[in-house]
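Here is my note on the structure, written as numbered points for someone in a first year of study. Please keep the sequence and the 3D view open while reading.

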Amino acid sequence: RLKQNAETLQSREASLRALINASPGATLLIDIQGTILLANNIAPSWFGVSQSQFIGSCIFDYLESDTRTIRRQTVDTVLTTGEMVTYTTFNLGRYIR
């Protein structure tokens with residue numbers, strides 16, 4: 001049973017990685033504190049760091065103060081309501097959706 005669960009988990013992780021890597025834009029998965037759990041290769045390049053530096057770091061550390069505040073509020077809203085939130089902000093010379 002444990003082996004089957006491990007195989008199922010690996011399969012789901014591979015599917016998630018495939019979805020994230022298929023995105024033409026910077027795409028990442030964070031936890032509730034903003035720790036970057038998974039990202040496609042485009043995301044770290046936007047912030048001028050390597051993939052190994054990016055994974056495990058906090059996404060909010062890469063954002064300007066105003067953008068950081070808005071993004072933290074958005075994470076709180078999503079966690080509270082369970083609904084998706086979409087908007088565009090301007091950070092470090094780039095529009096981020």
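**Notes on the predicted model**

1. I begin with asparagine 40, which has its place in the loop between strand E2 and helix H2 (42-46). Please keep in mind from the start that the structure is a predicted model. Is asparagine 40 buried or exposed? Asparagine 40 counts as buried, because its relative accessibility is 1% and the cut-off for buried is under 20%. If neighbours within four places in sequence are left aside, the residues in contact with asparagine 40 are Ile20, Asn21, Ser23, Gly25, Ala26, Thr27 and Gln51.

2. Leucine 19 makes a useful companion to that residue, and its place is in helix H1. Leucine 19 is exposed, because its relative accessible area is 63% and exposed means over 50%. From C-alpha to C-alpha, leucine 19 and asparagine 40 are 9.3 Å apart in space, while in sequence they are 21 residues apart.

3. For the overall plan, the student may count four helices and four strands in the chain, and these follow the pattern α-β-β-α-α-α-β-β when they are read along the sequence. Taken along the principal axes, the C-alpha atoms fill a box of roughly 50 × 30 × 20 Å. The chain has 97 residues, of which 25% are buried, and its accessible surface comes to about 6800 Å², with 54% of that area belonging to carbon and sulfur atoms. Among the contacts between residues at least 6 apart in sequence, 24% join residues that are at least 24 apart.

4. The pairing of strands E1 (residues 28-30) and E2 (residues 36-39) deserves a careful look, since here the two strands run antiparallel and are joined by three bridges. Which residue of E2 is the bridge partner of leucine 29? The partner is leucine 38. In the hairpin that these strands form, five residues stand between E1 and E2, and glycine 34 takes a positive phi near 95 degrees.

5. The largest nonpolar core has eleven residues in all, namely Ile36, Ala39, Ala43, Phe47, Phe54, Cys58, Ile59, Phe60, Tyr62, Leu63 and Val75. As background for a newcomer, nonpolar side chains in soluble globular proteins tend to be buried together. Phenylalanine 54 belongs to this core, and when residues up to four places away in sequence are not counted, phenylalanine 54 touches Leu28, Ile36, Ala39, Ala43, Pro44, Phe47, Val49, Ile59 and Tyr62.

6. Nonpolar residues also appear at the surface, where Leu16, Leu29 and Leu37 make a patch of about 230 Å². Leucine 16 is found in helix H1, which covers residues 2-22, and leucine 16 is partly exposed, with a relative accessible area of 34%. Leucine 29, another member of the patch, is the residue whose bridge partner in E2 was named above as leucine 38.

7. How many salt bridges does a search of the whole structure find? The search finds one, and it is formed by arginine 17 and glutamate 13, whose closest N and O atoms are 2.9 Å apart. In general terms, side chains of opposite charge can pair when their charged atoms come close. Arginine 17 and glutamate 13 are separated by about one helical turn because they are four residues apart in helix H1. Arginine 17 counts as partly exposed at 39% relative accessibility, and glutamate 13 is partly exposed as well, with a relative accessible area of 39%.

8. My last point concerns helix H4 (residues 65-81), in which valine 78 is found and in which threonine 77 also lies. Valine 78 is partly exposed, with a relative accessible area of 30%, and threonine 77 counts as partly exposed at 36% relative accessibility. Leaving aside neighbours within four places in sequence, valine 78 is in contact with Glu83 and Val85, whereas threonine 77 is in contact with Gly82 and Val85. The C-alpha atoms of valine 78 and isoleucine 32 are separated by 9.8 Å, although these residues are 46 apart along the chain. For threonine 77 and phenylalanine 54, which are 23 residues apart in sequence, the distance from C-alpha to C-alpha is 24 Å.

How values were computed:
Residues numbered from 1 in each chain as written. Predicted model: local features only at pLDDT ≥ 70, side-chain atom pairs only at ≥ 80, totals over all residues. Heavy atoms only, no water. Core = buried A, V, L, I, M, F, W, Y, C linked by side-chain atoms within 4.5 Å. Buried < 20%, exposed > 50% of the residue type's maximum accessible area, 1.4 Å probe, protein only. Contact = heavy atoms within 4.5 Å. Patch = residues over 30% accessible without salt bridge, like charges linked within 9 Å, V, L, I, M, F, W, Y side chains within 5 Å. Areas by Shrake-Rupley, 256 points an atom, 1.4 Å probe, with all protein chains shown as cover. Salt bridge = Lys/Arg side-chain N within 4 Å of Asp/Glu carboxyl O. Pairing = 2+ DSSP bridges.
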